[in-house]
Amino acid sequence: MKIKKLIKRKKLIIFDLDGVLIDSKRNMSVAWKYATKKNFINVPFKNYFKNVGLPFYKILQNLKIKSGFEKIRRDYNFKSKKKLGLIKLYPGTKKIFNDLRANGKNLALLTSKDSSRTKKILKKFNIKFNCIECGSQKVKGKPNPTQILKILKKLKTKKKYAVYVGDSIHDSMTANNAKIDFIFASYGYTKKRKYKYNIKNLKEL
């Protein structure tokens, strides 16, 4: 009931992608193993996965990888695009989106995934948003609030009418830094934490 009341007073719902709308863990695993093999890097996928949600280059830095970032990124993206079939849309996502729109909500996407792969995934599942912000070296990524603020400006929405749905501490920090409410998707990829607003599945929205 607490979630329903929150959503009712919001005009804009911003979603993270991986772990919130799609299950892309298998795709990530295959892409990471391919990229590390091609670049002679000995970092297991579980180490990479602990950093999911951050911009790709930030993840590489956290993993103490010193160089070759662009080559690693290209190899990772190449295999990720080849294996889009491994990505699954969480059940009921489209219906939930239709219901939210029917209730006058704008929907936006904020993801650390790059624009090229994001567009392919959204096209694959035929998901549309009023505004999309993707990972890019040209803009500061999570947990910096810049991209949320850009979404608010584009959709002419005050902070008090927006909420971000994510599954990581990086998402919660991003929402907090932007001074908007946050809903934790506890079914997602990161260790379960207790936040003010929590959902076990998208249907709770």
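**Exercise 1. Salt bridges**

Find how many salt bridges the structure holds, then say which parts the D181 pair ties together.

*Solution.*
- Start with the total: this predicted model holds 10 salt bridges.
- Recall the principle: side chains of opposite charge can pair when their charged atoms come close.
- Now take D181. Its partner is K10, with the closest N and O atoms 2.7 Å apart.
- Place both residues. D181 lies in strand β7 and K10 in the loop between α1 and β1, so the pair ties together parts that are 171 residues apart in sequence.
- Check exposure. Buried means under 20% relative accessible area. K10 has 3%, so K10 counts as buried. D181 has 25% and counts as partly exposed.

**Exercise 2. A pair inside one helix**

Work out what separates K95 and D99 in helix α6.

*Solution.*
- K95 and D99 form a salt bridge, their closest N and O atoms being 2.9 Å apart.
- The two residues are four apart in helix α6, which means about one helical turn separates them.
- K95 is exposed at 56% relative accessibility, while D99 is partly exposed at 36%.

**Exercise 3. The nonpolar cores**

Describe the largest nonpolar core and name elements that give residues to it.

*Solution.*
- Count first: the largest nonpolar core has 29 residues.
- Residues with the most contacts inside this core include I7, F15, F129 and L205.
- Elements giving two or more residues to the core include α1, β1, α6 and β7.
- Another core, of 22 residues, lies apart from the largest one. Among its residues are M28, V43, I65 and I72.

How values were computed. Residues numbered from 1 in each chain as written. Predicted model: local features only at pLDDT ≥ 70, side-chain atom pairs only at ≥ 80, totals over all residues. Heavy atoms only, no water. Core = buried A, V, L, I, M, F, W, Y, C linked by side-chain atoms within 4.5 Å. Buried < 20%, exposed > 50% of the residue type's maximum accessible area, 1.4 Å probe, protein only. Salt bridge = Lys/Arg side-chain N within 4 Å of Asp/Glu carboxyl O.
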